[in-house]
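Biologist: I should like to examine the terms applied to this model one by one. Please set each value against its definition before drawing a conclusion.

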Amino acid sequence: MKTLLSFLMTISCAALVSAADLYYGFFTFLSGKDTNGVDLLPVCYRYTEDFIIEEGIPASNVNEPLAKNEILRVCIVRDKRGTAVDFNVPPAVAIDAAGQLVCAECGTANFAQHDSACAGNATGAKWLDLNWTVFGTTTSVTAEYATVGDVLGVPSNFLANVGTYKQYGFQVSTDTDVEKADGKAHKVYMYLVALDTRTGEGVCEGQPQHVKAYAMALCYGTEDEPYVEPSPASPYAWLVNAGGGKSIFTPSPGRELAWQPAAEITSLAVTQDGVEKVLTGDVLKKYLTPEVTAFAQTIVEGKPTLTLTANAPDVQYYTLYTKKTLSDASWTKFEEYAKTLDNVDGKYYTRFRIDGKSLSIPQVHGEASRFYMLRGE
């Protein structure tokens, strides 16, 4: 992994126009070195705080590139704010644990029925389909999202070799306007989005659900500045034939707009008895709460073990918590408690899917009682 870190950089550019409700973007991620021999940076879960924005600073100052099968998406958001680009202003939308675009203020995913009393700035949002051509062929692929391949931190969609670079990327386009929930044509913004979908063992399943955290990068640019000189701090942006002479580019997600924990799920569309429903409030809470179907004491490899079997919708990950007595001030993640046990070395109990599965919980020999709780994260 350390070798990869020194040979990657995310380069992303996008263009956005509004003509007959057309939105178009072109995102490119390059691996290699720039023309000055500076290592290029991947999209990362974390960027070191001491990263110095100067030409010539090596990529050793970057850590944790996106893992294999991690998710990259693009969305557009209709926003009441029509001000100039400001990287310190958070997006009007958030992403919840189910991978839905939601209003950052009230958490709804249903912008068509968005409460007009909400004080938030989002009046509509949608994911864009990505499309690319398989390298070496004329086959066009359309998908809702891209995944990171063997080259960490960049999408696996390989487009072409460009000089000393290897170029990965995708395009986005739509001729369907994002909903105008309040009937007004507010300004539309485009964001490049990276998701953190890792399990407790750091594994990504290649799906845009079960989100732990997310990072968004605002696509921006002006008619007067269609091209920005590349540097370790500013990814390339070049003119895309998007009409009107505009070119919009994005930095790496997680740089200007920091990584955020996934929002709580407050509304969810489900199909029950053949009827699609939008669940909210106590009904949603009940739906997401796991049902424990069995909890028994067994002996595994000569050691006392508890076996917990539970059912839950396959929407989010769950975490196992424990406490000695109910009067204890707080619950403790079981993996923290388990660090004191000899027989659970390397075992994780955070962010696991429990739908119809059994979970083996090591038991302290001679311990008469202990309480456990499953919680959606």
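Modeller: Let us begin with the interior. The largest nonpolar core has 30 residues, of which Phe27, Phe29, Leu66, Val74, Phe170, Val172 and Met190 touch the most other members.

Biologist: What makes a set of residues a nonpolar core?

Modeller: The members must be buried Ala, Val, Leu, Ile, Met, Phe, Trp, Tyr or Cys residues, joined through side-chain atoms within 4.5 Å. Buried here means under 20% relative accessible area, while exposed means over 50% and partly exposed lies in between (1.4 Å probe, protein chains only). Two or more residues of this core come from each of the strands E3 (23–31), E4 (44–47), E6 (71–79), E10 (130–133), E14 (165–174), E15 (187–196) and E16 (213–218). E15 gives the largest share, four residues. There is also a second, separate core of 24 residues, with Tyr191, Val211, Tyr214 and Met216 among them.

Biologist: On what do these labels and values rest?

Modeller: The model is predicted, so local features need pLDDT of at least 70 and side-chain atom pairs count only at pLDDT 80 or more, whereas totals for chains, interfaces and linings use all residues. Residues are numbered from 1 along each chain as its sequence is written, and side-chain values use heavy atoms, with hydrogens and water left out. The element names are those of DSSP runs, numbered from the N terminus: helices (H or I) have at least four residues and strands (E) at least two.

Biologist: Why is E16 called largely enclosed?

Modeller: Six of its six residues are buried, and the strand is therefore largely enclosed by the rest of the structure. Both faces are covered, with Ala213, Ala215 and Ala217 buried on one side and Tyr214, Met216 and Leu218 buried on the other. Ala213, for instance, has a relative accessible area of 11% and is therefore buried. The C-alpha atoms of Ala213 and Leu195, 18 residues apart along the chain, are separated by 6.1 Å.

Biologist: How do you know that E15 and E16 are paired?

Modeller: Two strands pair if DSSP finds at least two bridges between them. Six bridges join E15 to E16, which run antiparallel, and Leu192 has Ala217 as its bridge partner in E16. E16 is also joined to strand E18 (residues 260–261) by two bridges, again antiparallel; there Tyr214 is partnered by Gln260.

Biologist: What makes E24 and E26 edge strands?

Modeller: They belong to an open sheet of three strands, in the order E24-E23-E26, with antiparallel pairing. E24 (332–333) and E26 each have a single partner strand, so one side of each is left without a neighbour in the sheet. E23 (residues 318–323) meets E24 over two bridges, and Thr322 stands opposite Thr332.

Biologist: Why are His210 and Asp273 singled out for their phi values?

Modeller: Most residues other than glycine have a negative phi. Phi of His210 is near 55 degrees, a positive value, and phi of Asp273 is likewise near 55 degrees. His210 lies in the loop between E15 and E16, and Asp273 in the loop between E19 (267–272) and E20 (275–280).

Biologist: Are those two loop residues buried or exposed?

Modeller: At 3% relative accessible area, His210 is buried, whereas Asp273, at 79%, is exposed.

Biologist: Why is Arg73 counted as buried?

Modeller: Its relative accessibility is 6%, and so Arg73 counts as buried. Arg73 is found in E6.

Biologist: How many disulfides does the structure hold?

Modeller: A search of the whole structure for pairs of cysteine sulfur atoms within 2.5 Å finds zero disulfides. As for individual cysteines, Cys75 is buried at 0% relative accessible area and Cys204 at 6%.

Biologist: Finally, what makes a space a pocket rather than a cavity?

Modeller: On a 1 Å grid over the protein atoms alone, a cavity is a set of points where a 1.4 Å probe fits but cannot get out, while a pocket is an open set with protein on both sides within 12 Å along at least five of seven lines. The largest pocket has a volume of about 620 Å³, volume being the space filled by probe spheres set on the points, which are joined across faces, edges and corners. It is lined by 29 residues, and Ala97, Gln316, Arg375, Gly376 and Glu377 are the closest to its centre; a lining residue has an atom within 4 Å of a point. Helix H2 (281–288) gives the largest share of the lining, four residues.
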